[in-house]
Amino acid sequence: MPKKTTISLIKCDVGSLAGHHVVPKPLLDVGEKNLKVAKENGLINSYYVFNVGDDLQLLMVHEKGESNSEIHQLAWNTFQEAANKAMKLKLYGAGQDLLKNAFSGNIRGLGPGVAEMEIEERKSDPIVVFAADKTSAGSFNLPLFRIFADPMNTAGLIIDPEMAGGFKFEVVDAQEGKKVVLKCPEEMYELIALIGTVERYIVSRVWRARDDLLCASSSVTRLSLIAGKYVGKDDPVMIVRGQHGLPAVGEILAPFMHSYLVAGWMRGSHWGPIMPVGLKDARCTLFDGPPRMVALGLQISNGGIACDDEGKPMIADLFADPAFDLSRKETLKCASMLRRMGEFEPARLSVESMEYTTLPQVIAKLKERFQPI
Ligand SMILES: [Mg+2]
């Protein structure tokens with residue numbers, strides 16, 4: 001059996017500073033401390049701890065495979081410890097994504113978001129990890145379609161013979177708990193028919209069609225559906241593999257030249273433009289937003305992340321670049337237009353999505369006062 005390497009990105013809102021703004025240093029330190037020990041003990045080979053807004057992100061590279069109970073336990077224990085610290089500090093929303101008390105082998109379904117990908121390392125393996133705050137899992141649908149199916153975005157679909165035959169998309173129906181695989185270009189129209197409904201149909205995985213090479217994996221958790229009531233936004237994460245017969249890193253980033261609307265923002269109840277930002281700007285302010293997304297580039301190397309001479313993983317903060325200024329300007333223009341609309345649809349989410357918020361309680365109070373017409 002060839003040696004395999006697994007990339008696990010597991011994230012959780014364990015509590016934040018000044019409302020839903022940012023994960024403060026003491027909580028990031030908990031992640032750093034625990035993952036350092038895990039590396040010293042040989043459980044993981046590399047790690048990188050960061051945050052996007054109020055979500056603590058644990059990026060781990062190891063050889064234990066996907067859904068490994070030791071890796072998930074490490075993340076779970078780290079989130080619990082960070083949440084306890086947040087509680088002591090009386091930070092906002094301490095432990096808000098930890099929906100269950102007991103861990104039973106897999107962190108999926110317990111609240112935190114998980115994207116994982118087990119790969120056989122190629123000669124060189126560039127990876128882009130995406131993480132977003134104040135939005136939901138379907139916010140990756142549009143860029144994933146553009147990266148792997150749209151020849152107007154990805155030149156390789158036309159030019160690179162290694163990409164002939166296209167890509168296969170796994171789509172999860174988050175309402176019914178079912179999934180389906182569609183192949184592009186043959187089923188492109190059907191794919192868009194589904195994943196255009198971003199609040200229900202979510203792209204979870206993408207494979208190269210000709211050899212089933214896994215090239216994208218996203219988190220599909222819907223916290224509101226787990227808890228049955230509104231408990232925060234899903235704030236998705238995603239891992240994408242590039243180059244050598246896959247979209248180039250530049251093609252993976254090209255969809256973010258322009259902003260687009262995603263569900264989430266204030267109280268998880270509004271449409272808002274996504275803003276691609278570098279790590280230093282991955283903090284939500286205006287109307288608890290606008291929703292932010294970061295993209296980190298790295299190279300997988302001998303079971304870990306390629307490191308510098310001091311042994312530190314080399315991480316490229318890909319959206320920290322003036323090339324995305326246009327997108328950021330568009331975000332602010334669009335945000336200003338939407339916010340002028342206040343609580344009028346479509347600035348606010350549809351009534352179906354609002355069912356998971358506190359809005360139905362407000363409407364319920366008026367029920368007795370309605371008269372027949
Ligand atoms: Mg969040």
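This is a short tour of one predicted model, stop by stop, with selections to make in your viewer.

Residues are numbered from 1 along each chain as its sequence is written. Because the model is predicted, local features need pLDDT of at least 70 and side-chain atom pairs count only at pLDDT 80 or more, while totals for chains, interfaces and linings use all residues.

**Stop 1: the sheet**

Start by selecting residues 5-12, which form strand β1, then add β2 (46-52) and β4 (113-119) and β3 (55-62). Helices (H or I, at least four residues) and strands (E, at least two) are DSSP runs numbered from the N terminus. You should see an open sheet of 4 strands in the order β2-β3-β1-β4, with antiparallel pairing; two strands pair if DSSP finds at least two bridges between them. β2 and β4 each have a single partner strand, so these edge strands are left with one side lacking a neighbour in the sheet. From one strand to the next, the twist averages 10°. Axes here are lines fitted to C-alpha atoms, for helices over the stretch in contact, and angles run from 0 to 180 degrees between N-to-C directions.

Now zoom in on β1 and β4: they run antiparallel and are joined by 7 bridges. To find one bridge, pick L9 and its partner in β4, A115.

**Stop 2: two helices on the sheet**

Show residues 25-40, helix α1, which packs on the sheet, touches β2 and β3, and makes about 170° with the direction of β2. Contact means that the C-beta atoms of two residues, placed from the backbone, lie within 7 Å. Next show residues 69-88, helix α2, which packs on the sheet too, touching β1 and β3, with its direction at about 155° to that of β3.

How do the axes of α1 and α2 cross? They come within 9 Å and cross at roughly 150°, and the two helices are therefore roughly antiparallel to each other (the cut-off is over 145 degrees). For the contact, select P26, L27, V30, G31, N34 and A38 in α1 with L74, N77, T78, E81, A82, K85 and A86 in α2. These residues divide into 7 nonpolar, 4 polar and 2 charged. Ala, Val, Leu, Ile, Met, Phe, Trp, Tyr, Cys and Pro count as nonpolar, Asp, Glu, Lys and Arg as charged, and the others, Gly among them, as polar.

**Stop 3: a covered helix**

Move to helix α3, residues 141-149. Is α3 mostly covered or uncovered? It is mostly covered, with 9 of its 9 residues buried (20 or more other C-beta atoms within 10 Å of the residue's own, all placed from the backbone). The cover includes β6 (167-173), β7 (178-184), α5, β8 (201-208), β9 (213-218) and α7 (249-253).

Add helix α5, residues 188-195: its axis and that of α3 come within 11 Å and cross at roughly 165°. α3 and α5 are therefore roughly antiparallel to each other. Their contact is made by N141, F145 and A149 of α3 and M188, L191, I192 and I195 of α5. By class, that contact has 6 nonpolar, 1 polar and no charged residues.

**Stop 4: a hairpin and a loop**

Select β11 (261-264) and β12 (270-273), which run antiparallel and are joined by 4 bridges. One of the bridge pairs is L261 with P273. The hairpin has 5 residues between its strands, and W265 in the turn has a positive phi of about 55°.

Finally, pick H270 and E345, 75 residues apart in sequence but 8.8 Å apart in space, C-alpha to C-alpha. E345 is found in the loop between α8 (325-340) and α9 (351-354). With 12 other C-beta atoms within 10 Å, E345 is exposed, the cut-off being 12 or fewer.

Notes. Angles under 35 degrees count as roughly parallel, over 145 as roughly antiparallel, 65 to 115 as roughly perpendicular and the rest as oblique.
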